[in-house]
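Trainee: I should be grateful for a close look at a single residue with a backbone angle of note, followed by a connected account of other parts of the model. Please begin with how far that residue is open to the surroundings.

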Amino acid sequence: MKIILDAMGGDFAPEAPVLGAIDAAKAYGAQITLVGRGEEILEVLKKNNIDNLPEGMEIAHADEVVDMHDDPANVIRKKKNSSMVVGLRMLSEGQGDAFVSAGSTGALLSGATLIVKRVKGIRRAAMAPSMPTKTGGKVIICDCGANAECTPEFLLQFGLVGSLYAKKTFGVANPKVGLLNIGAEDTKGTQLQKDAYALLTKAAEQGLINFVGNVEARGVPLGEVDVVVCDGFCGNVLIKTIEGTAMFFGSLMKNKIFKRSTMSKIGYLFCKKGVDDVMKLMDSREIGGTQFLGIKKPVIKCHGNSDALAFRNGIGQAIQAANGNVAEELEAALAQLKSLEEAAE
């Protein structure tokens with residue numbers, strides 16, 4: 001297994017991605033190629049008293065860096081020698097099994113689409129992070145930011161790809177798919193939700209998906225469904241609201257309960273392990289990143305402010321995605337959907 005890492009992407013590059021990659025190489029035993037400015041990568045090693053890269057790690061030099069202010073549509077043409085573009089090209093040419101970057105989301109999506117290419121039949125690739133739920137499982141939010149404006153057909157495909165991802169990655173036998181909406185009734189929402197509801201219902205009748213209807217935002221962390229289908233704007237608002245709420249309650253628990261008195265501080269010592277486990281569960285760094293679903297090979301997007309731990313777990317997620325091989329089954333499911341649509345016409 002070989003993972004290609006954009007060593008120059010993210011707020012804390014190249015130190016965070018390089019150190020995260022070294023930890024990942026030791027933890028997962030994967031081969032990792034660091035793509036970026038070789039002299040800066042070597043400087044990180046020197047600064048952290050690391051004499052040599054772990055066995056199986058190597059550096060692929062790339063002179064340029066994609067900036068957050070670069071126009072995503074022009075990155076491939078104007079920055080051909082950037083760490084992001086070089087890494088994506090390596091993935092496309094079979095020099096690795098997955099690519100990880102914390103660089104510009106727009107540029108990464110554009111590059112993945114144009115260089116690595118979409119799965120045949122996919123209209124738009126989607127970002128699909130997973131989050132823990134009250135039931136002890138995970139919920140996949142698809143899309144969470146790649147496509148702010150969507151058509152009903154896009155949402156149908158998000159449901160299909162999200163369902164396959166839940167099966168292959170988390171082992172959910174028959175994932176429950178819900179459409180994010182403001183109520184459970186099929187008459188709720190804008191025209192987009194109403195039309196998408198009809199398409200998802202039809203796909204369920206054809207046995208392509210286990211669509212269970214609308215799901216409200218509060219039902220997402222409660223685990224009412226395994227996959228939430230939504231446009232990227234609503235999905236991004238949803239996931240950041242959940243993350244912010246978790247951070248707020250963590251701070252509230254720490255400052256208003258455990259630091260309230262001497263006795264509460266003593267009580268904290270007895271339940272510290274449980275509190276730490278809960279906080280770790282809600283820590284986005286433990287997830288690492290999110291895969292662009294619908295791309296032929298795994299491309300993982302880490303958060304821009306990722307530290308070494310986030311990069312390590314992002315690489316772990318890339319390994320998991322490469323082993324899952326969702327693309328092949330997705331293409332077959334889309335072909336089946338197309339044949340059913342043609343037969344109905």
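Mentor: Asn49 is exposed, since its relative accessible area is 69% and the cut-off for that word is over 50%. This value, like everything that follows, is computed from a predicted model. The residue sits in the loop that links helix H2 (38-47) with strand E3 (57-61). Although Asn49 is not a glycine, its phi is positive, at about 55°.

A second residue invites the same kind of reading. Lys117 is likewise not a glycine, yet it has a positive phi of about 80°. It belongs to the loop between H5 and strand E5 (126-127). With a relative accessible area of 42%, Lys117 is partly exposed. Glycines with a positive phi also occur in the model: Gly207, just after H7, has a value of about 80°, and Gly136 will appear below in a turn.

The loops mentioned so far lead to a sheet. E3 is an edge strand of this sheet, as is E5; each of them pairs on one side only. The sheet is open and has 7 strands in the order E3-E2-E1-E4-E12-E11-E5, with mixed pairing. At the E5 end, 2 bridges connect E5 with strand E11 (residues 290-293), and the two strands run antiparallel. Within that pair, Met127 has Phe292 of E11 as its bridge partner. Helix H5 lies across strand E4 (98-101), E5, E11 and strand E12 (299-301), and its direction makes an angle of about 175° with E12. 

Let us now turn to a strand outside that order, E7. Of the 5 residues in strand E7 (residues 138-142), 4 are buried, so the strand is largely enclosed by the rest of the structure. It has two partners to consider. Strand E6 (residues 130-132) is joined to E7 by 3 bridges, and the two run antiparallel. Here Pro132 stands opposite Lys138. The two strands form a hairpin with 5 residues between them, and Gly136 in the turn has a positive phi of about 95°. The other partner is strand E10 (residues 227-229), which is joined to E7 by 3 bridges and runs parallel to it. In this pairing, Ile141 stands opposite Val228.

What does Val228 touch beyond its sequence neighbours? Once those within four places are set aside, its contacts are Val139, Ile140, Ile141, Cys142, Gly178, Leu180, Val215 and Val220. Val228 also belongs to the largest nonpolar core, which has 38 residues; together with Leu88, Phe99 and Val299, it touches the most other members. At least two residues of this core come from each of helix H4 (83-92), helix H5 (105-116), E7 and helix H8 (232-258). A second, separate core has 35 residues, among them Cys142, Tyr197, Val326 and Leu330.

Cys142 also takes part in a feature of the backbone. The peptide bond between Cys142 and Asp143 is cis, with omega about 20°. Asp143 is in the loop between E7 and H6. Another cis peptide bond runs from Ala13 to Pro14, with omega near 0°. Pro14 is placed in the loop between strand E1 (2-6) and helix H1 (15-28).

Tyr197, also named in the second core, directs attention to helix H7 (residues 191-205). Its buried residues are Leu192, Gln193, Ala196, Tyr197, Leu200 and Ala203. Viewed down the axis of H7, these fall within an arc of 130°, so they line one face of the helix. The cover over them includes helix H6 (152-170), strand E8 (177-180) and strand E9 (211-215). On the face turned away from the buried side, H7 carries the exposed residues Gln191 and Glu205. The helix has 15 residues, and from its first C-alpha to its last it reaches 21 Å, close to the 21 Å expected at 1.5 Å a residue.

Finally, another asparagine may be set beside Asn49. Asn313 lies in helix H11 (residues 308-324). It is buried, with a relative accessible area of 11%, whereas Asn49 is exposed at 69%. With its neighbours within four places in sequence left aside, Asn313 is in contact with Tyr28, Arg285, Glu286, Ile287 and Gly288.

Technical notes
Residues are numbered from 1 along each chain as its sequence is written. This is a predicted model: local features need pLDDT of at least 70, side-chain atom pairs count only at pLDDT 80 or more; totals for chains, interfaces and linings use all residues. Side-chain values use heavy atoms; hydrogens and water are left out. Buried means under 20% relative accessible area, exposed over 50%, partly exposed in between (1.4 Å probe, protein chains only). Two strands pair if DSSP finds at least two bridges between them. A nonpolar core is a set of buried Ala, Val, Leu, Ile, Met, Phe, Trp, Tyr and Cys residues joined through side-chain atoms within 4.5 Å. Contact means heavy atoms within 4.5 Å. The expected span of a helix is 1.5 Å times one less than its number of residues. The arc is that of the directions from the helix axis to the C-beta atoms. Axes are lines fitted to C-alpha atoms, for helices over the stretch in contact, and angles run from 0 to 180 degrees between N-to-C directions.
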